[in-house]
Amino acid sequence: MQMHPVVKDLIELHQLGLVKEEHRATNLSERVEHLNESMATLLGRLPADIEFLYRKMSDKGLSAVAPISNGICSGCGLNLPLSLIQAVRAEKDLHQCHNCARVLYYPEELPKRKKEPGRRVEQLQQRQSGMARFSSESLMIPGLRATDRDGVIREFAQKMAAEGLVDDAAKLAEQSLRREALATTAVENTLAFPHVRNVEGGGIAFALGTSRKGVKFGAPGRKLTRIVFFTVIPTVANAVYLQLLSGLTKTFSEAATREKILAADSPKKLWAALSRATKAVIR
Ligand SMILES: [Zn+2]
């Protein structure tokens with residue numbers, strides 16, 4: 001299915017805006033300048049009325065584009081008439097929601113949580129405090145097998161699917177790689193935060209993998225990456241994710257803390273080390 005070029009640009013602008021927020025959360029302010037340039041290029045080729053809409057919405061911290069989900073504008077919740085949904089599906093012209101003015105599009109299918117969550121997932125959702133809100137011992141991978149970025153992402157995606165967090169490992173890996181193509185999620189201090197947004201159902205969940213040897217993940221200065229957090233983020237959880245990201249970046253800026261994580265050689269030890277290290281920042 002071919003997407004309308006303006007819709008494509010708007011989606012990319014929205015995604016780059018999210019990357020900018022991630023960079024701020026991980027103290028990568030020097031990379032924000034580069035993103036601003038890419039965004040200016042995209043903005044410059046939008047039709048004038050759509051550019052105006054984008055600026056108006058983004059001033060309020062809102063997206064100018066909204067996927068149709070179950071016949072509803074996901075931006076404002078309005079029930080859309082069938083004729084409009086069909087017109088959007090045809091992708092010939094731009095169509096805006098009559099209520100919130102967002103440009104509508106028909107989304108591709110994204111990975112979802114499994115319909116019948118496994119035991120571990122239920123436990124995860126019942127817990128209320130600390131790291132246990134977001135992860136568990138069964139999601140720890142001490143000693144990643146893969147040695148390059150794409151392999152590591154596929155290893156994580158398989159883990160997430162095996163633990164019942166998503167229905168489709170291949171789809172999850174593909175989405176994560178697309179996010180990496182936009183801008184690397186590898187940061188300073190041998191950390192990387194690959195992730196997939198807009199996963200339907202459940203809360204934020206991450207797996208942690210380590211590699212003493214290090215993997216090439218596209219970090220600044222081609223440095224190797226040793227500690228990788230792979231996160232699935234539901235549509236409504238962006239603010240919580242940015243807090244988590246900022247907390248983890250801060251925690252692992254300490255070399256001694258990273259050393260403890262890298263020394264853990266079993267899922268049990270890794271989970272214990274992570275819980276101890278993050279006690280003060282993640283409540
Ligand atoms: Zn709307």
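**Reading a two-domain predicted model**

Modeller: The domain assignment divides the protein chain into domain 1 (5-105) and domain 2 (119-278). The model is predicted.

Biologist: How far apart do the C-alpha centres of domain 1 and domain 2 lie, and how many residues does each domain bring to the contact?

Modeller: The C-alpha centres of the two domains are 27 Å apart. Domain 1 contributes twelve residues to the contact, and domain 2 contributes 15 residues.

Biologist: What area is buried between domain 1 and domain 2, and which three residues of domain 1 supply more of its buried area than any other three?

Modeller: About 1100 Å² is buried between domain 1 and domain 2, with carbon and sulfur atoms giving 64% of this area. On the side of domain 1, E22, T26 and R31 account for 41% of the area buried against domain 2, more than any other three residues.

Biologist: Let us turn to charge. How many salt bridges are counted between domain 1 and domain 2?

Modeller: The general idea is that side chains of opposite charge can pair when their charged atoms come close. Here, two salt bridges are counted between domain 1 and domain 2. R179 forms a salt bridge with E22, and their closest N and O atoms are 2.5 Å apart. E22 is also one of the three residues named above for buried area. In addition, four residue pairs are in polar contact across the interface.

Biologist: Which helix gives the largest share of the side of domain 1 that touches domain 2, and what is the make-up of that side by class?

Modeller: Helix α1 (residues 5-25) gives the largest share, with nine residues. By class, that side of domain 1 has five nonpolar, three polar and four charged residues.

Biologist: How many salt bridges does a search of the whole structure find, and where in the chain do D9 and R45 lie?

Modeller: The search of the whole structure finds ten. In one of them, the side chains of D9 and R45 meet at 2.8 Å, N to O. This pair links distant parts of the chain, 36 residues apart: D9 belongs to helix α1, whereas R45 lies in the loop between α2 (29-44) and α3 (48-59).

Biologist: How should the sheet be read: in what order do its three strands stand, and which strands are at the edges?

Modeller: In general, strands of a sheet pair through backbone hydrogen bonds, either parallel or antiparallel. In this model, the three strands form an open sheet in the order β2-β1-β3, with mixed pairing. The edge strands are β2 (72-73) and β3 (103-105); each has a single partner strand, so one side of each lacks a neighbour in the sheet. Strand β1 (residues 65-69) runs antiparallel to β2 and is joined to it by two bridges. For S69, the bridge partner in β2 is I72.

Notes: Residues are numbered from 1 along each chain as its sequence is written. This is a predicted model: local features need pLDDT of at least 70, side-chain atom pairs count only at pLDDT 80 or more; totals for chains, interfaces and linings use all residues. Side-chain values use heavy atoms; hydrogens and water are left out. Domain bounds come from an automatic or database domain assignment. Contact means heavy atoms within 4.5 Å. Buried area is the accessible area (1.4 Å probe) that two parts lose on being put together, summed over both. A salt bridge is a side-chain nitrogen of Lys or Arg within 4 Å of a carboxyl oxygen of Asp or Glu. A polar contact is a pair of N or O atoms within 3.5 Å; within protein, one must be able to donate a hydrogen and the other to accept it, and residues adjacent in sequence count only if both atoms are side-chain atoms. Helices (H or I, at least four residues) and strands (E, at least two) are DSSP runs, numbered from the N terminus. Ala, Val, Leu, Ile, Met, Phe, Trp, Tyr, Cys and Pro count as nonpolar, Asp, Glu, Lys and Arg as charged, and the others, Gly among them, as polar. Two strands pair if DSSP finds at least two bridges between them.
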